[in-house]
Amino acid sequence: MERLSLTAALRHPRFRLLYGGQAISSVGDWLDYLALVVLLTYTWGHGAGALAALSVAVAVPMVALAPVAGALADRMSDRIRVLVGCDLIRAALALGYLAAPNLPVLLVLVVCKVSFGALFNPVHQSTLRSVVPEKDLLSAMSLTVFTHQAAKVAGPALSGLIIAGCGVRAAFVVDAATFVASAALLSAVRLPRRPDPKTEAPAGEGEPTGLRADIAEGMRFIARTPALIALIGSVAATLFLVLTFDTLSPLAMRELGVGETSLGYVVAAVGLGAALGTLAISGRVMEAGPFVVLGVAQIVVGAAVSGIGTGLGLDAHGMVWLWMPIAGVLGFAAAGIMVVFPYVLHRETPPELTGRVTAIANAFPVLLQLAAPPLGAALASWSGVGFVFLTAGPALAALGAVVWLYGLRVRRRSPRSDDEQPPPPPTGRADTMPDTQRLDALRAAGFPVDGLTPGQREALHGLSDEEADLLISVQLRLQATADEVEAHSGEPIIGGVLF
């Protein structure tokens, strides 16, 4: 596996536009959240109940609408129009915050804005597969995670400056402007229209399937794919444990003698560590196997959380110099979790199911956002904040050990590794190779073999010598002129010949 260049995906013009819109709106999202918190607590004088209501207003639409939104994303024929529409509607709703007279009206606006975000996200994920070839998918995922983590630092900082200089309501205006800018970039992306399932159902198959059937298909695909079951289950368990202590982190830092100003440095250290961790992930790192990387990341995060819990148990005070690097290590390791999760989701899911599978998979973490924090608060009131950290940290490390062992087992069962048995050269004679080697030859030439259906794989097995050599030869010539061809093509180069 070649070493990953973080910016490899940026050589594709359509991805640059898609990524630019995502980067701008990510900063706006974090800017928006801090402004809402300031409006509730400082301007309107609300307390913990209002903050809890805001958290629920953000979480519920994501859980309730994610499966339906994912099914819609896979059915929509004009995805760019949907993305632009969602951005413009969210811009209008952000401006609506300016006129909100009280908490109930504000929460209604938040629910509406998050609902359109719940639709935007799976459509965006589905579109990603159309603008980035498989070989640059890891780069695209890493860039997305890096930008999200960088936005955690830049968004609140920018929001603080705007609020200090122009007031909290000005932050909402800037947030709306980020959505308009994102819409402008997305409107420049050109994709081929998908067939409309309402009008182009295959002959003889009757009426096209409904949303319920589409959602069920996505769930069945997850249920019969062991890698996705292991991925979603382990990451869901990780996030449940993380969310039990995450909301208690300010209390933990206060008990450790970290002041208000220093708390900002500790939080920034987590974001900086995550950004650096994303930069450190490469194709060479992924050669160990995604689940091995995930398990190691969980072990390190668990160890860092256990270290904080130990400090709480020992009543360690006034050691900001210690907690900042621990927070940085925690963020660095967490990047492994945040990159592996979307990478494996996209790698294991056929493009036509991407919206449904990613939406269903991402609904679980948000669902846990409703259950884990109350549990952590109850445990903290029963036995102290330190007890929560000392419970969640070792549990995370134990979970990571299980995932690590699973990853080693999967790697041993793989028919080969890149450094042990290189695939046959693309110009090899297809009919003299076993089926697995034939697929390896096509994969090496750039075809997305891993995303094929059993029927499509069977068709490849039946190719003649001349047919296989012709496909590989044409594909290699296309790759040699990828930049020129991609500028005029409606589909990504990889797989553009046959699929």
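In this predicted model, helices H8 and H12 run roughly parallel to each other, because the angle at which they pack is about 10 degrees and angles under 35 degrees count as roughly parallel. The axes of the two helices, H8 covering residues 226-246 and H12 covering residues 290-313, lie 12 Å apart. On the H8 side the contact is made by Ala227, Ala230, Leu231, Ser234, Val235, Thr238 and Phe245, and on the H12 side by Phe291, Leu294, Gln298 and Val305. Sorted by class, this contact has eight nonpolar residues and three polar ones, while charged residues are absent from it.

H8 itself is worth following from end to end. The helix has 21 residues and spans 29 Å from its first C-alpha to its last, which is close to the 30 Å expected at 1.5 Å a residue. Its buried residues include Ala227, Leu231, Ser234, Val235, Thr238 and Phe245, and each of these also takes part in the contact with H12.

Leu231 leads on to the largest nonpolar core, which has 82 residues, and in which Phe15, Leu231 and Phe389 touch the most other members. The helix that gives the most to this core is H13 (residues 320-348), with 14 residues. A second core, separate from this one, has 24 residues, among them Ala50, Leu107, Ile162 and Phe172.

What surrounds Phe389, once its neighbours within four places in sequence are left aside? Phe389 is in contact with Phe245, Leu248, Ser249, Ala252, Val305, Ser306, Ile308, Gly309, Leu312 and Pro394. Two of these partners, Phe245 of H8 and Val305 of H12, have already appeared in the contact between those helices.

Leu248 is also a partner of Ala380, a residue that, with neighbours within four places in sequence again left aside, is in contact with Leu248, Val385 and Val388. Ala380 has its place in helix H14 (residues 354-383), and it counts as buried because its relative accessibility is 15%, where buried means under 20%. Although Ala380 and Leu248 are 132 residues apart along the chain, their C-alpha atoms are separated by 8.4 Å.

Phe15, named above for the core, points back to helix H1, which covers residues 13-43. H1 has 31 residues and reaches 43 Å from its first C-alpha to its last, close to the 45 Å expected at 1.5 Å a residue. Just after this helix comes Gly45, which takes a positive phi of about 75 degrees.

How values were computed: Residues numbered from 1 in each chain as written. Predicted model: local features only at pLDDT ≥ 70, side-chain atom pairs only at ≥ 80, totals over all residues. Heavy atoms only, no water. Helix = DSSP H or I, 4+ residues; strand = E, 2+ residues; numbered from the N terminus. Expected span 1.5 Å × (residues − 1). Buried < 20%, exposed > 50% of the residue type's maximum accessible area, 1.4 Å probe, protein only. Axes fitted to C-alpha atoms, helices over the stretch in contact; angles between N-to-C directions. Parallel < 35°, antiparallel > 145°, perpendicular 65-115°, else oblique. Contact = heavy atoms within 4.5 Å. Nonpolar A, V, L, I, M, F, W, Y, C, P; charged D, E, K, R; others polar. Core = buried A, V, L, I, M, F, W, Y, C linked by side-chain atoms within 4.5 Å.
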